Amino acid sequence: MKQVTYTILDNAPLTTDVYCMALAGDTSAITAPGQFINIQLDGLFLRRPISVCDWNDKGLVIIYRVVGRGTERMADMLPGQFLDCLTGLGNGYDIAACPQNPVLVGGGVGVPPLYSLAKRLLAAGKKPSVILGFNRAEEIFYDMEFAALGLPVTVTTVDGSAGTKGFVTDAMRGGEYVCACGPEPMLKAVHRLASGGQFSFEARMGCGFGACMGCTCETLAGPKRICKEGPVMRHGEIKW
C-alpha cells in the first residue's frame, strides 16, 4: 500500500451516471488487475474505494458510478485537480492460475477491472472471451474497448434492447473457468455454472487495508477481509 497524490487528466461521462477518470501519478504499488484505490474527498470521513480499470507506469484509469455524495463530488472534478489516494489495495486476479481460455464475466461497474485483466491475460499468451451484462442499452460501456483488444465480446441486456436478452448466465455454456466481477446476485448465479474461477466482491469498507475488520466475510476457509484477502476470491472458497 502507498499513499499517492494523483493529478486528474480527464473526467468524462461514459453513460448518464458512469464516469471515466484518468489520473497521473505513481502506480508502483499496483501489481495485479482487480486491486483498488481508496480516495479521500474533502468533508467526507471515509475514503471511497474504486477498482482500477487499467494502469501503466505513468498513471491509471478508474470508472465509477455516481451513487452518493462522494461520487457526485468526483463527477464535478476537473483536469488539474488532485486526489489523495491509498493505492495498491486488495488481492487481485491471479493471471498464472487462469487457464488458456478463461471467460471474463462483468456486470455494470464490475466491468472495469476485467479490462486490465484481459490485457494482461493476452500479454501472458492466453485468449479470454468476454461477457458483459447490463440492464438496458443506454447503460452499456467499454464493450468496444474489449473488442479492440481482439477478444470475442458478448453483451447481454435484461430488457433485450441490445445484444442477448437476459442475464450474463444466459450467455454462458456452463462449466467454464470464470473471472467475474459484479453485483453479488450475479456472482452467485455465475458461481453455480462455473467449474472454477476467481470472483471479485464488493463491500462497505472502513479503512480499506484490513485494520478495522469491517468488511470481514465468512468463507469455506474461515473469515476473510474483502479489502485485504479479497476482493478477489477463488471459486472453491466462496461460501454463500
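Trp240 is partly exposed in this predicted model, at 39% relative accessibility. Its ring pairs with that of Phe201, which counts as buried at 10%. The two ring centres lie 5.7 Å apart and the planes meet at 45°, so the pair is tilted. This pair joins distant parts of the chain, 39 residues apart. Phe201 belongs to the loop between strand 12 (196-200) and strand 13 (216-219), and Trp240 to the segment after strand 15 (232-234).

The count of aromatic pairs comes to six. One of them is formed by Tyr115 and Phe146. Here the geometry is edge-to-face, with 5.5 Å centre to centre and 90° between the planes. Tyr115 lies in helix 2 and Phe146 in helix 3, 31 residues apart. Both residues are buried. Tyr115 and Phe146 also belong to one aromatic cluster, together with Phe134, Phe141 and Tyr142.

Helix 2 spans residues 112-123. Its buried residues are Pro112, Pro113, Leu114, Tyr115, Ser116, Leu117, Ala118 and Leu121. Several elements cover them, including strand 4, strand 5 (59-65) and strand 7 (103-107). Helix 3 (143-148) and strand 11 (177-181) also take part in this cover. Just after helix 2, Gly125 adopts a positive phi of about 85°.

The largest nonpolar core holds 28 residues. Leu104, Leu117, Tyr142 and Phe146 have the most contacts inside this core. Strand 2 (18-24), helix 2, strand 8 (129-134) and strand 11 each give two or more residues to the core. Helix 2 gives the most, with five. Beyond its neighbours within four places in sequence, Leu104 touches four residues numbered within helix 2: Leu114, Leu117, Ala118 and Leu121. Leu104 is also in contact with Pro128, Ser129, Val130, Ile131 and Cys179.

Polar side chains meet helix 2 as well. Asp54 is placed in strand 4 (residues 48-55). Asp54 is buried, with a relative accessible area of 12%. Its side chain makes a polar contact of 2.8 Å with that of Lys119. A second polar contact, of 3.2 Å, joins the side chains of Asp54 and Arg120. Outside its neighbours within four places in sequence, Asp54 is in contact with Leu60, Val61, Tyr115, Ser116, Lys119 and Arg120. Tyr115 thus appears both among the contacts of Asp54 and in the edge-to-face pair with Phe146. Arg120 has a further partner in Trp55. The charged end of Arg120 sits over the Trp55 ring, 3.6 Å from its centre.

The cysteines remain to be described. The structure holds zero disulfides. A disulfide requires two cysteine sulfur atoms within 2.5 Å. The sulfur of Cys20 has its closest cysteine sulfur in Cys53, at 6.3 Å, which is too far for a bond. Cys20 counts as buried, at 17% relative accessibility. For Cys227, the closest cysteine sulfur is that of Cys215. The separation is 3.6 Å, so this pair too is too far apart for a bond. Cys227 is buried, with a relative accessible area of 3%.

Technical notes: Residues numbered from 1 in each chain as written. Predicted model: local features only at pLDDT ≥ 70, side-chain atom pairs only at ≥ 80, totals over all residues. Heavy atoms only, no water. Buried < 20%, exposed > 50% of the residue type's maximum accessible area, 1.4 Å probe, protein only. Polar contact = N/O pair within 3.5 Å; in protein donor to acceptor, adjacent residues only side chain to side chain. Contact = heavy atoms within 4.5 Å. Core = buried A, V, L, I, M, F, W, Y, C linked by side-chain atoms within 4.5 Å. Phe/Tyr/Trp six-rings, centres within 6.5 Å; stacked < 30°, edge-to-face > 60°. Lys NZ or Arg CZ within 6 Å of the ring centre and 35° of its normal.
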